[in-house]
Amino acid sequence: MPKSRRFLSAQNRREWLLPALFIAPALAVLLSLSIYPLIYSITISLQQETSSGAVWSVGNFKRLVSDNFFLTAMVHTLVYAVAALGCEFLLGLGLALLLNSKMRGRGLFRASLLVPMMLPSVVVGVVWRLMLNPDFGAINGTLRRFGLKTESLTWTASPKLAMLSVIAVDVWQWTPFVFLVLLAGLQAIPEEPYEAALIDGSSRWQTFWHVTLPLLKPSILIVLLLRTMDLLRVFDQIFILTEGGPGFATETISLYIYRTAFRFFDFGYAAAMSFVLLALTNVISVIYIRVLHEPQKGT
Amino acid sequence: MRLTIALTLVLLLALSACHPNPQSLRKQLTLAVVSGVEGEALKQAAHDYEAQANVHIDIAQLPYTNLFEKEFIDLKSRTGAYDLIMLDDPWFPRFASEQLLTDLSPLFQQRGQSGPDSDFIETSIALCRHPYQTGSLFALPYVGNSQLFFYRKDLFEKHSLKPPATWNDVLAAAKTIQEKESAGANGGQIYGYVMRAEQGNAAVADFMPIFWAFGGEMFDASGKPTVNSPEGVAALELMLELGKYSPPGYVSFNASDVGAHLLQGTAAMSINWPAWISSFNDPAKSKVIGKMEFTTLPSGQKQGQAEIGNWLIAIPRDSRNSADALDFLLWATNAQQMKQSAQRGNPPTRKSLFNDPALVAKNPAYAAQLRSLESSRPRPRTPYWNEIENAFGIFLSKANSGDLSPTEAMNQANAEIEKILKRAK
């Protein structure tokens, strides 16, 4: 036996055993709940059922390219994510800047802004479904009070308005989160750079653009990353509000994956789609980090 | 080292505690039932059965949307966890074609019986055979739903309209009622018709009776999809015409939206299921007490036919107690027990019960229900129904929301169904 395999010595083994025992349960849980399912889902995405049993093939991935439902769902997901993220970011930033200044009653205002975020998405979905009901809903009811005609405003039932409706609901629920993170970022910025800018005679806009935004970058990165990941895998709100309808107008990729797996029981294809979504999320995340994350240039 | 031994001992001790208790000699059955009135009746029956037979029955009750996936995954992984399962009939071909259910015919023969008695309605028993109507028996029908045509008797009399016998009558009546009732003697708008056009099950269920009445067929004799036939397109055109007299937003309506309009008296006609009938006479919910009439579905070029929607009970192939399970199954579906279920609100699947005086007195629509059920049609029998229904529903919904013309919608639906079948081969 070569000398290098000293770990077999009795003493070494004893030293090694106890830590291994302590790590083992955590490792077992991780392996069985995370690593094994991941490998399993890769396996089934690369297999197809035939009359003679499962065979290895890339058929599931090939099918993605010619599946109109998948491609449309992908476009919907991107439209939904970009529009909702844009609105949430701009509104959240505006609110954060506004409430960062010292104004009266801002404590109350801040607290009330957080309510939507605390509600479960399912509850938000149900509440908005009722509010958006064209006949009995609060929104059309209010509009009718002001003498507006609401016949064409069928919100979740109209192919033109349905996407807008689901985006609006997400903006309503998640703008407070963006606001909260950005506000925390703003409050962490020290006074000195502002004083320096004031002395140098920069305008308010210049101060915002050259001082506030660069110093806020870490918070912006976090908020964009988290929201993008959430938006790309949105499920519960849309499932309750429209179930992907009318027709296919608000079907996102997560809904389609759910249907494929648990309604049609085609787990292989569903797994293949999930990996595409995972890859997309990773690519977008890397882009964000490249663009927004600057390594500290010395001190 | 001592620590390892101690840990092993603890683990062994924990495992031995999980060992089944050998004292329970009582027979044991496990049942999967749906939430709601259908499953509730079977649950009650199971409790009654426990009291009289020496059997302990465990019940897993699941909401409709989860029941299929739970049962399918369980049977597919052959755990033998369930001895009896409730199935909605469109799921049956998938379960039967994957050989997940127990063939009941040999069990009947062992008991010296040729099969289920002739009191069961033929269209219901046909659903339990695989292949449809002709094959072996894999289930028994428990709840006998089929669609009915609901209409407002009072409004039809007021505007001297005949009871709707054809889809053209329906369209004409919808037009008359909507025009005359919108002027609003009592201020309220009444829509001529109300339907569900939400993609998926809802749109398809409300469309199939029109499709069949117009002579449409989903598949031709060789199994190729033919939804884009001229008959199919004409049926969709009629659906869109009816849409003009449906409340705005009907494209996203589900059963509860339609129910709300009928109960509030804001819509005059609809295709619907018997489960709603009792609520029309409930003063707490209904503004139309005594004003609703129920009849069989209107005709087109062909005699009108309802979609059948029965709850079946089957024994999974991997059940370890199939003989005991069959005992319970035969008991729960016998005439006396099914009468109990009918009294709990479920339409029966036996002719004798539809004619039972006590039940008829409580359920005035039973005569219409029996006629509808006996002439009903099942959804196309294919293991890929969930997928096909989803695709078909999306295009029906798209046509109703104005995204696609009827011809385009049917052509695209046909192509998509073709793709599903091709993939399945």
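Let me begin with terms: two strands count as paired if DSSP finds at least two bridges between them, and strands (E, at least two residues) and helices (H or I, at least four) are DSSP runs numbered from the N terminus. What you see is a predicted model, in which local features need pLDDT of at least 70, side-chain atom pairs count only at pLDDT 80 or more, and totals for chains, interfaces and linings use all residues. Residues are numbered from 1 along each chain as its sequence is written, while chains are lettered from A and ligands numbered from 1 in the order in which they are written.

In chain B there is an open sheet of five strands, with mixed pairing and the order 2-1-3-10-6. Its edge strands, each pairing on one side only, are strand 2 (55–62) and strand 6 (139–146) of chain B. Strand 6 of chain B pairs with strand 10 (residues 308–314) of chain B in the antiparallel sense, over seven bridges, and here A139(B) stands opposite A314(B).

A139(B) comes up again in the largest nonpolar core, which has 166 residues, since it is listed with L84(B), Y193(B), A268(B) and L312(B) as having the most contacts inside. Such a core is a set of buried Ala, Val, Leu, Ile, Met, Phe, Trp, Tyr and Cys residues joined through C-beta atoms within 7 Å, where buried asks for 20 or more other C-beta atoms within 10 Å of a residue's own, with C-beta atoms placed from the backbone. Helix 8 (residues 162–187) of chain A gives the most to this core, eleven residues.

Terms used. A residue is buried if 20 or more other C-beta atoms lie within 10 Å of its own, exposed if 12 or fewer, and partly exposed in between; C-beta atoms are placed from the backbone.
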